[in-house]
Every structure is written in structure tokens, then in C-alpha cells.
Amino acid sequence: MNQKERMLGGYPYQADDKLLSRERMRVRKLIKKYNASSPSEIRKRTNLLHKILGKQGEKCVIHPPFYCDYGYNIEVGENFFANYNCILLDINKITIGKNVMLAPSVIVTTAGHPIHSESRNSGWEYGKPIKIGNSVWIGTNVVINPGVSIGNNVVIGSGSIVIQDIPDNVVCVGNPAKIIKRITEDDKQFYYKKEKFDVNWWDK
């Protein structure tokens, strides 16, 4: 296997490989254009995202600044929204479902390094895939670590560090992130803690 195949397979690889260096440079040039674009240049941003991301659904919005490593390892579903300072380190696959919202300064990183200093200093590193399900809201300053899967209809509270898989229909908070609540049908009537909607939008 070459270094790119090793990287995509989740094996130790050398990031200074010439091919990988060229691919990172390609996407960095595109990201520079994206981050420098005007908010009114909607078509330009859309076209750039199609060149940056591996796959995207309809209504994909990412507020600059945005950063990634390769871009082609990122797949997002329809109605995806990422707020300012989104970082998706896509050494390996990042798969995101539909109706997902990322608050400001979310970091999703598939990249990792050995814990032993001699192994780490040798230049070998690795990437493990991350999967995020449908209808997920990830709060400000959340970090999602390599190899994690997050289920459907999940809320990750601000400042959380996600180091293990998260099941469907839960709220998780903390470092490391832990389940603090199961999301039920009763939660539909509340917009903030125990404050109820003053409109019955769900009856329409």
C-alpha cells in the first residue's frame, strides 16, 4: 500500500508523503478562497464547497472561517449547517447525516498520534473514521475524537469532549461526554429547558 492507501485504511502512515502533501495544498488554496469570499457571493461559495467536499446534500451552509485537511473525505447530508470556525480534520472519513447543525468552533478530528514519544516522533500517525447521524445538534467548542459514532437525534452540550460512541435520542455533556438525558416525545413542547413554545407548531 502507498501512504494514501494506508491513511484511508486507518493504518499508520507518513503525512509528509508527496502525494498527500499535494492534495493538502490543493484544498488549502480552495479554502483560502472560500474563507476570503464575501457573504453575498453565495454561488461562489456553493461552487467552492462542491470542489472542497467529497459529497454534500442540498442546502449546505458553512460560515467561514472553515478548515479541513483533504476535503474529499467529508460527506454531509442535506440541510447541513456549520457555524463560524468549523474544523473537520478528515485524515479518514467524516460522514455526517441530514439536518445536522454545528455551533461555532466545533472540531471533528479523525487524526491521531501514538502515545509513546519515540513512536510519535517517528512521524507515523493515523486516522479513524467518524460518523454523525441525522438530526444532530453539536454545541459550541465541542471536540469529537477519532473513531467515534454519534447516533440520530442527539444533542452534544457546549464544551464537551466526545471520546466514545453515543446512542440515538440522548443529550450528552461533559469531558468526557456522558449521557445526562434521554430525549422523548414530551421534549417537543419545550424550546429551552422547561420553557414551553407559545405556538403549537407541531399541529400544523
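This note covers one sheet and one helix of a predicted model.

1. Basis. Residues are numbered from 1 along each chain as its sequence is written, and side-chain values use heavy atoms, without hydrogens or water. In this predicted model, local features need pLDDT of at least 70 and side-chain atom pairs count only at pLDDT 80 or more, while totals for chains, interfaces and linings use all residues.

2. The sheet. Five strands (DSSP runs of E, at least two residues, numbered from the N terminus) make an open sheet, ordered β4-β7-β10-β15-β18, with parallel pairing. Because β4 (66–68) and β18 (161–162) each have a single partner strand, they stand at the edges, and one side of each has no neighbour in the sheet. Strands pair if DSSP finds at least two bridges between them.

3. One pair in the sheet. β10 (residues 107–109) and β15 (residues 143–144) run parallel and are joined by two bridges. I107 stands opposite V143 in β15.

4. Helix α2, length. A helix is a DSSP run of H or I of at least four residues. Helix α2 (residues 18–36) has 19 residues and should span 27 Å at 1.5 Å a residue (1.5 Å times one less than the number of residues); its end C-alpha atoms are 27 Å apart, so the two agree.

5. Helix α2, start. A side-chain oxygen of D17 comes to within 3.2 Å of the backbone nitrogen of L19.

6. Helix α2, two sides. Buried residues (under 20% relative accessible area, 1.4 Å probe, protein chains only) in α2 are L20, E23, R24, V27, L30, I31 and Y34. They lie on the same side of α2, because they cover an arc of only 130 degrees around the axis (taken from the directions from the helix axis to the C-beta atoms). K18, R22, K29, K32 and A36, on the other side, are exposed (over 50%).

Notes. A polar contact is a pair of N or O atoms within 3.5 Å; within protein, one must be able to donate a hydrogen and the other to accept it, and residues adjacent in sequence count only if both atoms are side-chain atoms.
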